[in-house]
Amino acid sequence: MPGLDGQAPPLVQPLVPGRSPSMAWGLPSAAGLARLCQKLNRLKPLEDATMETSLRRCLSTLDLALLGIGGMVGSGLYVLTGTVAKEMAGPAVLVSFAVAAVASLLAALCYAEFGARVPRTGSAYMFTYVSMGELWAFLIGWNVLLEYMIGGAAVARAWSGYLDSIFSHHIRNFTETHVGVWRVPFLARYPDFLAAGILLIAAAFVSCGARVSSWLNHIFSALSLGVIVFIVVLGFVLAQPKNWSSREGGFAPFGFSGILAGTATCFYAFVGFDVIAASSEEARNPKRAVPMAIAISLSLVAGAYILVSMVLTLMVPWHSLDPESALADAFYRRGYGWAGFIVAAGSICAMNTVLLSNLFSLPRIVYAMATDGLFFQAFAHVHPKTQVPVVAIVVFGGLMALLALVLDLEALVQFLSIGTLLAYTFVAASIIVLRFQRAPAPGSPPAPASPEPPSKEYESFSDRLQLVGATQAEAPEPGQLKLAWRPYLPFLGTHCSPGAAVTWALVGLMVSAIGLSCVLIFGDSPLHLPRWCAAFLLVLCSLAFLFSLLLLSAHQQQPSQDTFQIPWVPLTPALSILLNICLMLKLSYMTWLRFAIWLLVGLGVYFGYGIRHSKENVQDPPGAGSTRYVVFPSGSLEETVETVQPPGQAPPGPAPSTDSPGSRG
């Protein structure tokens with residue numbers, strides 16, 4: 001009420017026409033929050049993922065397969081096998097590698113389907129962007145960037161240390177004498193100029209083009225595979241079956257728990273196949289080449305790890321292995337010291353392929369994020385001659401060299417695991433989203449022009465799953481309940497839309513997987529739960545997980561595509577999600593703390609730059625038209641379209657509601 005003098009009381013703000021009371025008090029309105037949520041969850045249109053690219057499509061199936069082999073066969077083959085055999089599993093290390101290969105296959109299949117269907121660079125970032133939403137995609141890409149930088153720097157320091165050990169540590173002694181020793185937390189003991197130098201040289205080769213990188217990787221991969229064949233053949237010649245006898249402790253001296261512990265460690269030996277998906281934009285025929293390359297590389301690498309671990313434990317007793325140089329030491333103890341030099345050469349070649357793989361993938365993910373506007377535009381520059389993102393290669397190659405030069409990376413190596421596992425989890429969830437969303441009809445004509453001003457309707461994760469349309473009993477669309485299940489689940493058709501049911505089922509799957517993993521990992525020792533309580537929670541979470549799977553399976557999926565599709569969806573990606581969450585929970589709390597800090601930095605970059613410069617945002621300039629968002633009140637199938645007026649414009653008339661939601665397409 002106005003005062004006696006006709007003025008508003010001092011504590012009451014006059015309402016501006018077209019503004020809500022919350023906006024008058026400086027609080028965000030419901031419409032503003034809705035626009036923000038739509039921006040955070042907007043999707044990159046799947047139909048934009050065509051064969052057109054600024055990069056050069058020059059990689060064959062063999063090139064991609066060797067890139068994948070180079071990314072997976074690193075120093076782990078020469079170090080990890082001895083460590084797991086002596087400290088965790090004994091000769092049963094080969095079983096640990098076999099189980100880890102099957103577990104990695106679950107994630108690899110998800111990457112194969114996406115890489116064939118979305119032939120764009122960016123790997124997990126791009127897959128998340130087209131299915132889960134922009135914010136999630138940025139955070140995945142942000143974590144993958146750090147993963148590649150730390151991984152490349154760590155491998156470069158391992159390469160330097162291995163070469164230094166061959167020359168009796170003369171390189172380290174010379175550096176400490178003439179440069180000095182650092183005793184600063186988080187810094188290395190001494191600057192590793194050799195590691196930084198090899199990274200800069202590798203970055204120079206990668207910047208020369210995809211063909212040069214591919215041929216260089218061919219050379220090192222061929223040498224590495226040749227050394228592996230040599231190790232296996234000579235190892236079987238020197239094999240002594242008595243080393244697996246009960247006198248030496250038996251085949252599985254640490255029991256089933258040791259095999260599982262070894263599996264968790266061996267799982268990381270297969271990290272690196274995502275370089276194939278990251279290179280799909282440069283493949284000649286990605287629909288065929290990406291799945292084939294992933295299958296070939298994973299099979300060969302799994303066979304190499306299993307055979308090498310087998311001959312290693314057959315040559316010498318497992319309890320006498322030297323974890324730091326198990327293979328070279330095993331040949332030396334059998335009287336073949338000269339074979340140690342061949343093993344050293346193979347190890348250096350293997351680490352070179354990992355360096356090339358990291359430097360090949362990292363700039364392309366940066367390029368994909370910059371092309372979409374979520375990262376600084378300078379990184380989207382492609383050299384006109386070599387057709388590679390040269391700015392991203394130079395900048396991030398230099399950053400990787402700087403990390404290898406000055407930082408103590410031992411404490412940061414565990415950070416690699418959480419970024420990789422999180423990417424695997426989101427890619428598996430994205431497969432489920434992709435299968436249950438309605439695909440645009442190929443060759444469908446564009447929508448007719450409307451006399452209304454141009455508008456932008458943001459698509460988000462929930463929008464894609466809100467598959468609203470007239471229920472056709474004879475042909476359910478993707479995301480709708482299958483005909484056979486409708487008599488048993490009638491509440492899904494009366495109380496919630498089909499898309500909402502799939503959304504809640506996926507959320508329930510993720511939550512139950514987290515609960516089940518917590519019970520399995522922390523149920524006994526950290527939480528000290530009574531046995532009956534742990535059993536009850538285990539049964540409850542398992543039933544919730546199975547019910548979510550059943551609910552997802554009851555809905556119609558997309559029809560078969562002409563590209564590779566993984567079998568048994570949603571079971572296969574659900575098992576991958578469960579496994580990845582279990583492995584993430586086994587990481588230390590310091591790893592989670594560093595991960596949270598890095599996420600906060602990423603959120604600052606996104607809200608400071610990415611959300612405003614996103615390509616999806618630029619396509620909708622301010623004031624060009626009204627922004628439309630979809631509201632589904634109380635689970636109804638009726639779609640209400642509300643007009644949200646941009647600031648500074650006169651409010652238009654009320655937006656009419658429509659009863660034909662199929663117009664969204």
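**Exercise 1. Determine whether Cys541 is buried or exposed, and establish why Cys541 forms no disulfide.**

Solution. Cys541 has a relative accessibility of 13% and therefore counts as buried, where buried means under 20% relative accessible area, exposed over 50% and partly exposed in between, with a 1.4 Å probe and protein chains only. This is a predicted model, in which local features need pLDDT of at least 70 and side-chain atom pairs count only at pLDDT 80 or more, whereas totals for chains, interfaces and linings use all residues. Residues are numbered from 1 along each chain as its sequence is written, and side-chain values use heavy atoms, with hydrogens and water left out.

The next step is the sulfur distance. A disulfide is a pair of cysteine sulfur atoms within 2.5 Å; the cysteine sulfur closest to that of Cys541 belongs to Cys518 and lies 8.2 Å away, which is too far for a bond. Cys582, buried at a relative accessible area of 14%, also has its closest cysteine sulfur in Cys518, at 8.8 Å, again too far for a bond. The structure as a whole holds 0 disulfides.

**Exercise 2. Locate Ser279 and state which residues it contacts beyond its neighbours in sequence.**

Solution. Ser279 sits in the loop that joins helix 12 (274-278) to helix 13 (286-315), helices being DSSP runs of H or I with at least four residues and strands runs of E with at least two, numbered from the N terminus. Although placed in a loop, Ser279 is buried, with a relative accessible area of 1%. Once neighbours within four places in sequence are set aside, Ser279 is in contact (heavy atoms within 4.5 Å) with Leu59, Leu64, Leu67 and Phe360.

**Exercise 3. Classify the ring pairs Phe267 with Tyr268 and Phe375 with Phe379.**

Solution. Rings of Phe, Tyr and Trp (its six-membered ring) pair if their centres lie within 6.5 Å, and planes under 30 degrees apart count as stacked, over 60 as edge-to-face and the rest as tilted. A search of the whole structure gives 27 aromatic pairs. For Phe267 and Tyr268 the centres are 5.8 Å apart and the planes stand at 85°, so this pair is edge-to-face; Phe267 is buried at 2%, while Tyr268 is partly exposed at 26%. For Phe375 and Phe379 the centres are 5.5 Å apart and the planes stand at 20°, so this pair is stacked, and both residues are buried. Phe375 and Phe379 also belong to a cluster linked by ring pairs, whose members include Phe138, Trp142, Trp598 and Tyr609.
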